[in-house]
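Me: I have a chain open on my screen and would like to go through it. Could you take my questions one at a time?
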Amino acid sequence: MTEHLTATPPGGPGDLSTVHVPPQVVLDPVPVGDAALVPDQFSLQVELARTEVASGRPGEIGGEALAVTVQIRHEGATSRDVSTVSVTVDDADGIPLSPLYGEPYSPLDGDLEPGGSTEGTYVFTLADVTPPYTVRVSAAAEDPAAVFVGSL
């Protein structure tokens, strides 16, 4: 059986009004290896390493890659799903690095209880990029994004 999903705009069918989405708060950048605190939510740290990666999905090209390990400690009061964490990397020119999904890719996953910690690894291509790298980690759109800057 195929289900068809539809969405209705706030003013009903045909409503072309704009829905305001506030910009995400971005924390001040910290050096790679230092901790960033998302108030009342998480303490985050990232480490960078050079690696070789095989293609993980159709259309990917393996090769030299940047492995970004994200360590997260839950500082909040209720459990949080960390599978929604988003990690992006830009080079010195602001060009986004392409994500790769071959090993050692192992994203954050599951619920994290208050006081608990875990880590995940995200992988990005290093072809034709210029350091330093800017790593942005966001747990959810409503949470501030942590920013880390550094090189290998």
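Me: Is tyrosine 122 buried or exposed?
Reply: Tyrosine 122 is buried, because its relative accessible area is 7%; buried means under 20% relative accessible area, exposed over 50%, and partly exposed in between, with a 1.4 Å probe and protein chains only. Please note that this is a predicted model, in which local features need pLDDT of at least 70, side-chain atom pairs count only at pLDDT 80 or more, and totals for chains, interfaces and linings use all residues. Residues are numbered from 1 along each chain as its sequence is written, and side-chain values use heavy atoms, with hydrogens and water left out.

Me: How many aromatic pairs are there?
Reply: The structure holds two aromatic pairs. Rings of Phe, Tyr and Trp (its six-membered ring) pair if their centres lie within 6.5 Å; planes under 30 degrees apart count as stacked, over 60 as edge-to-face and the rest as tilted. In one pair, the ring centres of tyrosine 101 and tyrosine 105 are 5.0 Å apart and the planes stand at 85 degrees, so the pair is edge-to-face.

Me: And which pair has tyrosine 122 in it?
Reply: Tyrosine 122 pairs with tyrosine 105, also edge-to-face, at 6.1 Å centre to centre and 80 degrees between the planes. This pair links distant parts of the chain, 17 residues apart: tyrosine 105 lies in the loop between β7 (99–100) and β8 (111–112), and tyrosine 122 in strand β9. Strands (E, at least two residues) are DSSP runs, as are helices (H or I, at least four), numbered from the N terminus. Together, ring pairs link Tyr101, Tyr105 and Tyr122 into a cluster.

Me: Why does tyrosine 105 count as partly exposed?
Reply: The reason is its relative accessibility of 26%. Tyrosine 101 also counts as partly exposed, because its value is 28%.

Me: Next topic: where is threonine 121?
Reply: Threonine 121 is in strand β9, residues 117–125. Threonine 121 counts as buried because its relative accessibility is 14%.

Me: What does its side chain make a polar contact with?
Reply: The partner is the side chain of threonine 69, at 3.3 Å. A polar contact is a pair of N or O atoms within 3.5 Å; within protein, one must be able to donate a hydrogen and the other to accept it, and residues adjacent in sequence count only if both atoms are side-chain atoms.

Me: What about the whole chain: how many helices and strands?
Reply: The chain has zero helices and 11 strands. Buried residues make up 36% of its 152 residues.
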